[in-house]
Amino acid sequence: MLQIEIDSDSGFCFGVTTAINKAEEKLATDKTLYCLGDIVHNGMECERLREMGLITINHNQLSKLNNTKVLLRAHGEPPETYALAERNNIEIVDATCPVVLQLQRRIKKMYDSFPEAQIVIFGRNGHAEVLGLVGQTNNNAVVVENIEDVQRLDFNRDIYLYSQTTKSLDEFHHIIEYIQQHIAPGATFKSFDTICRQVANRMPNIAAFAARHDLILFVSGGKSSNGKVLFKECASVNPNSHQVESPDQIDMRWLDDVGTVGICGATSTPKWLMEQCRDTIMKYYNDNEINKKSK
């Protein structure tokens, strides 16, 4: 008998849950609500909310809106977005994650206090959260994605290092060690661990989960930065790991000679989607068992 377990620690983080709840509350009274960017990096969940009336827009479209409501997702936005909204009489429904909001404030305070220093952010260039963080420094912060980027820093100047909230803790520590080894004697280096623990703790948890099963089905949208990190961890522990965005991407040949299946996902993966994947597998498995008995 095939056994399937859905990881209880997977699914929306607090920030994403709050953003979706705010969208649903507004859509319960308003026919439409604009959202600046995908509310979550999961196409299936975005489609569900679109059917409820949520309209996703980009920054160019935002600049042409007036006298309406716009939801800012958990990733956060730079100061110029708020200034534009005020000019265009746009009511902001602010769903910025509290962890991200606190980080934005810390970076702004540091930049205002030490404008001559290098504010460095470990994160993915172009990621929505990172754009919001860089915006706190009048776009002067330096974004590093890897050690190669770190090598291009000016080690004769002071460096204050922060991290995108969903990055790998191990990678962050490697970057800290490299800067410590190369910073000039007269320069100051300070690092601030700004990685969300709700996300960081999923790394060891998901590794243990992946090790328990014959097959891992990792459910995540292709745009999810957090999803890429967590799936990489799953695959390193269990090579029989596969990433899908929806149930129809499941290759049932993966189930051959498998006794247990573990289904897990990113902080942007809804529980209902993981349940759909489970139900799809169980239907296929049960139909197969019936066919075997009838022969």
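This is a guided tour of a predicted model, moving from its sheet to its aromatic pairs, salt bridges and cysteines.

**The sheet**

Begin by selecting strands β1, β12, β10 and β11, which form an open sheet in that order with parallel pairing. At the edges stand β1 (3-6) and β11 (241-244), each of which pairs on one side only. Viewed from one strand to the next, the twist averages 20 degrees.

Now restrict the selection to β10 (residues 215-219) and β11; the two strands run parallel and are joined by 4 bridges. To find one residue pair across this junction, select L217, whose bridge partner in β11 is H242.

Next, add helix α10 (residues 202-211), which packs on the sheet and touches β1, β10 and β12 (260-265). Compare the direction of helix α10 with that of β12: the angle is about 160 degrees.

**Aromatic pairs**

Turn to the aromatic side chains, where the structure holds 5 pairs. One of them joins F122 and F172, which are stacked with 6.2 Å centre to centre and 15 degrees between the planes. F122 belongs to strand β6 (residues 118-122) and F172 to helix α8 (residues 169-182), so this pair ties together parts that are 50 residues apart in sequence. Both F122 and F172 are buried.

Then select Y162 and F192, another stacked pair, with 4.8 Å centre to centre and 15 degrees between the planes. Y162 is found in strand β8 (residues 159-163), whereas F192 is in the loop between β9 (189-191) and α9 (197-200). This pair links distant parts of the chain, 30 residues apart. Y162 and F192 are each buried.

**Salt bridges**

Display the charged side chains next; the structure holds 12 salt bridges. Select E24 and R48, whose closest N and O atoms are 2.8 Å apart in a salt bridge. E24 is in helix α1 (residues 14-29) and R48 in helix α2 (residues 43-52), so the pair ties together parts that are 24 residues apart in sequence. E24 is partly exposed, with a relative accessible area of 26%, and R48 also counts as partly exposed, at 27% relative accessibility.

Proceed to R197 and D193, which form a salt bridge with 2.4 Å between the closest N and O atoms. R197 is partly exposed at a relative accessible area of 36%; D193, at 38% relative accessibility, counts as partly exposed.

A further salt bridge is seen on selecting D251 and R253, where the closest N and O atoms are 2.9 Å apart. Here D251 is partly exposed, with a relative accessible area of 23%, whereas R253 counts as exposed at 64% relative accessibility. To complete this part of the tour, select E24, E45 and R48 together: salt bridges that share partners join these residues into one network.

**Cysteines**

Finally, show the cysteine side chains. How many disulfides does a search of the whole structure find? The search finds 0. Select C35 and C46 to examine one case: the sulfur of C46 is the closest cysteine sulfur to that of C35, but the 7.7 Å separation is too far for a bond, since a disulfide requires sulfur atoms within 2.5 Å. C277 is likewise in no disulfide, its nearest cysteine sulfur being that of C264, 11 Å away. C35 is buried, with a relative accessible area of 0%, and C277 also counts as buried, at 0% relative accessibility.

Notes. Residues numbered from 1 in each chain as written. Predicted model: local features only at pLDDT ≥ 70, side-chain atom pairs only at ≥ 80, totals over all residues. Heavy atoms only, no water. Buried < 20%, exposed > 50% of the residue type's maximum accessible area, 1.4 Å probe, protein only. Pairing = 2+ DSSP bridges. Axes fitted to C-alpha atoms, helices over the stretch in contact; angles between N-to-C directions. Contact = heavy atoms within 4.5 Å. Phe/Tyr/Trp six-rings, centres within 6.5 Å; stacked < 30°, edge-to-face > 60°. Salt bridge = Lys/Arg side-chain N within 4 Å of Asp/Glu carboxyl O.
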